[in-house]
Amino acid sequence: MSRKSRAKPASPFRYFHSAPELIREVVMLYIRFPLSLRNVEDLLFERGYDLCHETVRLWWNRFGPMFAGEIRRKRVSAMRGFRHWKWHLDEMYVKLNGEMVYLWRAVDHEGEILESYVTRTRDKSAALAFMKKALKRHGAPAAIVTDGLKSYRAAMTDLGNEQKQEVGRHANNRVENSHLPFRRRERAMLRFRRMKTLQKFASVHANVSNHFNLERHLVDRQTFKERRSAALAEWQQLAA
């Protein structure tokens, strides 16, 4: 083994004068909570850190996708062996400079957001591209719950898994509820202006939400506190 191959990978924070702990804190505040760039700037100033809101923008753009990718890789590797997986698929509209675009989501039976995909239409080709992306990354589920949109049926027929589709009036409430945190973030950001930015933020926000999804309404206070401490500790180890 050469000396070069044994070398430790360079730190992603090597060109930044701020501490990695501060960068992780800033990215978490902006993505996890419905705060604007200037809200995060003011919160940090109260804690003794004088940062410009454009620095917050730079850090989340630079490190948000990296942190989200690391979280997603761990979850995908852990869940691929689970065979009794049920997915819930749905699409929501998002306004982009006055134009209507669609954000497709795949959510599992526990409420974890698996995939986010933005398209300008919601026809068969859009549904097919979305489902291919989700299946390639996460493997095949045992069942797929959708609403009555015909694009889902047509796409599943092409993929050969139409027998897995389940359609019900209230069966897709789990994915409908997963849209609510994103709607809160959308209002705080005063909507989006570019498809690329929308796709990027939707993917990053989904993975960060998964990481801090502690199911506090299902567990006692002590279990919630333990899970919260573990999630924060894991976050501080990202890209370490």
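In what order do the elements of the protein chain run from the N terminus on? The order is α-α-α-α-β-β-β-α-β-α-β-α-α-α. This is a predicted model.

## Fold content

The secondary structure of the protein chain comes to nine helices and five strands. Four helices lead from the N terminus, and three strands follow them. Helices and strands then alternate as α-β-α-β, and three helices end the chain.

## Overall dimensions

The protein chain has 240 residues and a radius of gyration of 19 Å. A compact globule with that number of residues would have a radius near 18 Å, so the value agrees with a compact globule. Along its principal axes, the C-alpha trace spans about 55 × 50 × 45 Å.

## Packing and surface

Buried residues make up 42% of the protein chain. Take the contacts with a separation of 6 or more: 60% of them join residues 24 or more positions apart.

The protein chain exposes about 13700 Å². Carbon and sulfur atoms supply 51% of that area. The charge count is 46 positive and 26 negative side chains. The centres of the two sets lie 5 Å apart.

## Helix 2

Helix 2 covers residues 20–32, which is 13 residues. From first C-alpha to last, helix 2 reaches 18 Å, close to the 18 Å expected at 1.5 Å a residue.

Which residues of helix 2 are buried? They are Leu 22, Ile 23, Arg 24, Val 26, Val 27, Met 28, Leu 29, Tyr 30 and Ile 31. The list includes a positive residue type, Arg 24. What covers these buried residues includes helix 3 (37–46) and helix 4 (53–79). Helix 7 (173–188), helix 8 (195–211) and helix 9 (221–236) are also among the cover.

Notes: Residues numbered from 1 in each chain as written. Predicted model: local features only at pLDDT ≥ 70, side-chain atom pairs only at ≥ 80, totals over all residues. Heavy atoms only, no water. Helix = DSSP H or I, 4+ residues; strand = E, 2+ residues; numbered from the N terminus. Rg over C-alpha atoms; globule rule 2.2 N^0.38 Å. Buried < 20%, exposed > 50% of the residue type's maximum accessible area, 1.4 Å probe, protein only. Contact = heavy atoms within 4.5 Å. Areas by Shrake-Rupley, 256 points an atom, 1.4 Å probe, with all protein chains shown as cover. Charge placed at Lys NZ, Arg CZ, Asp CG, Glu CD. Expected span 1.5 Å × (residues − 1).
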